[in-house]
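This report covers local environments, salt bridges and a domain interface in one protein chain. The sequence and structure come before the discussion.

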Amino acid sequence: MPGPLRLTGISASAGYAEGPLFNLEPAAARYAGKATAADEKAALEAAIGVAAGRLAGLMETADDEAAGILEFQVAMLEDDALTGPAFAAIAAGQPADAAWRQALDAEIAGYETSDQDYFRARAADMRDIRDQVLRALTEDGEIAAPAGAIFYGEDIAPTRFLETDWSSGGGIALKAGSAASHVAMLARSRGVPMVVGLGVVGLGASPAHLAGIALLDAEHGGIVLSPSKAEIDAFRRSSRSFAARRDRAETYLQKPAVTKAGTAVRVQVNIADPSDVDGIDISTCDGAGLMRTEFLFGKTLPDEETQYRAYRKVLEWAGEKPVTIRTVDAGGDKPVPGFTVEEGNPFLGLRGIRLSLARTEVFRVQIRALLRAAVHGNLKVMFPMIAVMDEYQRAAALFAEEQAGLSARGVACKMPPLGIMVEVPSVAIAPEAFSGVAFFSIGSNDLTQYVMAAARDNASVAHLNSVRHPAVLRLIASVAAFGQAQGIPVSLCGDAGGDPASIPALLEAGLRDLSVVPAQLAMAKAAIADVAF
Ligand code: PEP
Ligand code: MG
């Protein structure tokens, strides 16, 4: 029996799982070559048809979120740009399996080597497509995982996730993977524990380690292979405590958030797609503290009408409660094809407001949509990645110009209060330059990575990327104090706001207004109720 092996990664979906490991690496497939190129072509066409049929079958029982992922895969399978090189290779004499693998591997390599997390996350979808067609070609079935297994490997295919019955537990432990992947989103919404970025699981682990029971702690981001008896006992205690906290948290959902001493805390939600609000009862939160608009900027740049409808939907959902919409924060970990630029260091490059001010023809469309939507509710608008006051002034001037233009044309519109994200250290250190803005919203995800020089999406420096480091907390406290003294409202909309372990420190730093991911709303309110002052 080997000694315990502990590996750390990044939590992509909180929770605990104890069970056997199930190796996700696909066994080498055996393909029986055909006599002619025409037969090879027919075999590949048939295999693509089988894969498309499997996706269609999964789509029948999929919810909106899963359907969106599956539609992406179907669209890729139907895309000649993807399949064309494989058919060309077959015509040149290659067997179907090698032709398909080569064509897809070339495409996947482009995604995997991107320096942008978003594209790396889509590589999992491409591998999924590759393997589904290869399986159909070789007629190799997928080996079933035992109930309650912890799937481990480089990455997991979205279809594998959707086909797995998670009702008897289990979890996901990935050497690579990404918290921004489709599977991570599905895991969070279905409560399946998941850790990414474990890196060395295959290197440090012996076959005996991999054959035994594993303990997946996806609350803190780690896994223990071949655990000791004491580790199993401690793990079960943590797991029970997590389940109890989650159950107890549900009872807080309908109540306003207050600390033990009765201090009221506003808790709003972070949303992206307007359909996110369909599942949220507005009475359980104080509005939307951050609507990210990057999702609207997909394959094509959205027109004014599309944006107007999206913003209006969320404003009407919120009624009189505030909705803070952030102008597009493209770049960094959120590239938008056709808008963002390829850069050596995208986190320090042309992202957020910098890009909007460089591409004012795109920015003005969003501004008009926001000004028009503002008449339908309690809108606030904020700018991402502000570093200097001049950026705010130029953005505000564009709002004033567009409002004048709309009014001159008799189009109904309204100027919303304009605020800024505090996520670049220059603003947090010297906020006095910004005393003219309507509000501050602290972006703790970026503020932390810039203060600690530790990328938010890199597991090997995850131990440094902590909002609870005194340097980050001191900055947050000084921004909160500055806002209080100047009468500028200060909220926080980074992921730390929904993290029960960080909430006491954030309240201690003086914050009374948090915006959290909807899945963390109940947990955040329960954590606030535990704070003494
Ligand atoms: C942040 O940086 O904390 C934030 C809320 O913005 P995003 O995560 O979208 O960069
Ligand atoms: Mg940010």
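In this predicted model, Glu294 has a relative accessibility of 8% and therefore counts as buried, the limit being under 20%. Glu294 sits in the loop that runs between β10 (288-291) and α11 (304-318). A polar atom of the Glu294 side chain lies 2.7 Å from the backbone nitrogen of Asp329. Leaving out residues up to four places away in sequence, Glu294 touches Arg326, Thr327, Val328, Asp329, Ala330 and Lys334.

**Pro322 and its surroundings**

Pro322 belongs to strand β11 (residues 322-326). Its relative accessible area is 12%, so Pro322 is buried. With residues up to four places away in sequence not counted, Pro322 touches Arg266, Gln268, Asp286, Gly287, Ala288, Asn378 and Lys380. For one of these contacts, Asn378, the C-alpha to C-alpha distance to Pro322 is 4.8 Å, while the two are 56 residues apart in sequence.

**Salt bridges**

How many salt bridges does the rule count? The count comes to 26. Three of the pairs are set out below.

| Pair | N to O distance | Relative accessibility |
|---|---|---|
| Arg266 and Asp513 | 3.0 Å | Arg266 32%, Asp513 12% |
| Lys313 and Asp278 | 2.8 Å | Lys313 34%, Asp278 55% |
| Asp446 and Arg456 | 3.1 Å | Asp446 2%, Arg456 24% |

Arg266 and Asp513 meet through their side chains in a salt bridge. This pair links distant parts of the chain, 247 residues apart, with Arg266 in strand β9 (residues 266-271) and Asp513 in strand β16 (residues 513-516). Arg266 is partly exposed, whereas Asp513 counts as buried. Arg266 is also among the residues that Pro322 touches.

Lys313 forms a salt bridge with Asp278. Because Lys313 lies in helix α11 and Asp278 in the loop between β9 and β10, the pair ties together parts that are 35 residues apart in sequence. Lys313 counts as partly exposed and Asp278 as exposed.

The third pair is Asp446 with Arg456. Asp446 is in helix α16 (residues 444-452), and Arg456 is ten residues apart from it, in the loop between α16 and α17 (470-486). Asp446 is buried, while Arg456 counts as partly exposed.

Salt bridges also link several residues into a network, made up of Glu304, Glu305, Arg364, Arg368, Arg372, Glu401 and Glu402.

**Helix α16**

Is helix α16, which carries Asp446, mostly covered or mostly open? The helix is mostly covered, with eight of its nine residues buried. These buried residues are Ser444, Asn445, Asp446, Leu447, Thr448, Gln449, Tyr450 and Met452. The elements covering them include β13 (418-422), α15 (425-429), β14 (440-442), α17 and β15 (490-492). Ala453, just after α16, takes a positive phi of about 50 degrees.

**Domains and the interface of domain 1 and domain 3**

The domain assignment divides the protein chain into domain 1 (5-22 + 143-247), domain 2 (37-138) and domain 3 (251-529). The C-alpha centres of domain 1 and domain 3 lie 31 Å apart. Six residues from domain 1 and five residues from domain 3 take part in the contact.

Between them, domain 1 and domain 3 bury about 460 Å², and 73% of that area is on carbon and sulfur atoms. On the side of domain 1, the residues that lose the most area to domain 3 are Ile10, Arg245 and Asp247, which together account for 60% of what that side buries.

What does the rule find in the way of salt bridges across this interface? It finds zero salt bridges between domain 1 and domain 3. The search for polar contacts across the interface likewise gives zero residue pairs, with both residues required to be at pLDDT 80 or more. Helix α10 (residues 229-250) gives the most to the side of domain 1 that touches domain 3, namely four residues. By class, that side of domain 1 has two nonpolar, one polar and three charged residues.

Methods. Residues numbered from 1 in each chain as written. Chains lettered and ligands numbered in written order. Predicted model: local features only at pLDDT ≥ 70, side-chain atom pairs only at ≥ 80, totals over all residues. Heavy atoms only, no water. Domains from an automatic or database assignment. Contact = heavy atoms within 4.5 Å. Buried area = accessible area lost by both parts, 1.4 Å probe. Salt bridge = Lys/Arg side-chain N within 4 Å of Asp/Glu carboxyl O. Polar contact = N/O pair within 3.5 Å; in protein donor to acceptor, adjacent residues only side chain to side chain. Helix = DSSP H or I, 4+ residues; strand = E, 2+ residues; numbered from the N terminus. Nonpolar A, V, L, I, M, F, W, Y, C, P; charged D, E, K, R; others polar. Buried < 20%, exposed > 50% of the residue type's maximum accessible area, 1.4 Å probe, protein only.
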